[in-house]
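Let's take a friendly walk through this structure, starting with a pocket and moving on to some strands. Keep the view open as you read.

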Amino acid sequence: MAQGFRKKIQQKKTENSGFGSNVSGRFINKDGLPNVNRKGVNIFNRYSWYHTMLDLSTFNFLSYLVIAYVLVNLFFALIYYLIGVEHLTGIDKSNPVNEFIDVFFFSSQTFTTVGYGRIAPVGFMASLVATFEAFLGLLTFAIATGLFYGRFSRPRAYLKFSDVAVVAPFKETSALMFRLAPYKNNALTDADVVITTAIEVMENSSPRINFYQLKTQLSKINTLALNWTIVHEIDEESPFYGFSEEDFKNTGIEIIVHIRAFDEVFSNTVVQRTSYVTKEIVYGAKFIPMYYPDKDNLSTVLNLDKISDYQKAELPVFMEEEE
């Protein structure tokens with residue numbers, strides 16, 4: 001985080017943030033996962049491979065499956081080739097390249113248990129390897145099927161957050177705002193938000209991170225159909241009360257956002273998190289509207305490309321109280 005803010009903050013700190021005061025870097029990444037590197041355990045105990053595969057993007061997930069499939073078949077093709085192509089019937093022995101190509105495709109047919117029949121193992125070693133490969137293929141495709149089903153059936157919020165938070169004019173003062181919107185056709189109801197901010201302060205001439213709960217103008221809505229602008233008014237009860245533009249730029253700040261809603265289709269609660277750090281907070285700006293009626297006035301258009309669009313705005317000027 002950046003340099004600590006030296007003004008004393010009056011708001012009571014919160015102790016249930018789940019983080020400590022001596023950590024470094026941002027607490028929550030933009031994708032909602034904690035920014036924590038675990039040590040002291042080996043890699044097999046450090047990661048849940050099931051959760052890792054479920055959290056991968058679709059492109060990465062499919063890419064890993066294809067790469068793993070090709071590597072496994074290359075490995076078994078090499079074994080068959082070392083055993084000897086004379087132990088496989090129907091091989092094109094015109095040159096080594098054609099031999100290896102035929103062995104590779106025999107491996108893929110065995111791994112998937114397709115078995116077209118043109119190439120078949122002859123002898124104990126080739127048959128043993130083919131038997132083990134077919135067994136491994138059955139287990140692998142069972143696991144892959146489970147992963148596909150888990151990714152397909154997993155309840156998710158499918159929320160898109162603005163890239164930045166803004167300090168915008170609000171009523172007679174100012175407010176910290178960011179916005180979110182569902183980007184798929186899932187039906188979310190009873191959505192609520194909890195916001196915690198981490199602020200780096202100076203205590204006893206040393207930097208320390210304190211956590212504060214931020215009140216919002218509207219902490220719960222019945223239906224999340226359009227965009228939702230979360231508003232935290234910067235009043236006397238806000239930890240940002242008295243912050244100037246320079247304070248927002250030079251203070252280590254992280255806004256930790258926790259959204260929870262009910263998905264009617266899955267009949268389950270879904271959760272999504274994100275955060276905004278100092279460089280992602282724009283002082284003196286306001287968001288541009290992102291939804292409007294269609295040309296026939298029969299429905300509403302929600303333009304998700306504009307979720308992070310903002311324009312400059314003048315903020316009211318207040319005289320800071322002398323200490």
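## The largest pocket

Lining the largest pocket of this predicted model are 29 residues, and those nearest its centre are Asp31, Asp55, Arg154, Arg156 and Gln272. The volume of this pocket comes to about 920 Å³. Sorted by class, its lining holds 14 nonpolar residues, along with 9 charged and 6 polar ones.

Which elements should you look at around the lining? Helix 3 (58-83), helix 5 (124-153), strand 3 (159-161) and strand 11 (268-277) each contribute at least two residues to it. Strand 11 gives the most, with 5 residues.

## From strand 11 to strand 10

Strand 11 also leads us to a neighbour in the sheet: strand 10 and strand 11 run antiparallel and are joined by 10 bridges. One pair you can pick out is Ala261 with its bridge partner in strand 11, Val270. The hairpin that these two strands form has 4 residues between the strands, and there Ser267 takes a positive phi near 50°.

## Strand 10 and its surroundings

Strand 10 pairs with strand 6 (residues 188-203) as well, again in the antiparallel sense, over 5 bridges. To find this pairing on your screen, try Asp192, whose bridge partner in strand 10 is Arg260.

How many of the residues of strand 10 (residues 253-263) are buried? The count is 8 of 11, so strand 10 is largely enclosed by the rest of the structure. Buried here means under 20% relative accessible area.

Note on methods:
Residues numbered from 1 in each chain as written. Predicted model: local features only at pLDDT ≥ 70, side-chain atom pairs only at ≥ 80, totals over all residues. Heavy atoms only, no water. 1 Å grid on protein atoms, 1.4 Å probe; cavity = no way out; pocket = protein on both sides within 12 Å on 5 of 7 lines; lining within 4 Å. Points joined across faces, edges and corners; volume = space filled by probe spheres on them. Nonpolar A, V, L, I, M, F, W, Y, C, P; charged D, E, K, R; others polar. Buried < 20%, exposed > 50% of the residue type's maximum accessible area, 1.4 Å probe, protein only. Pairing = 2+ DSSP bridges.
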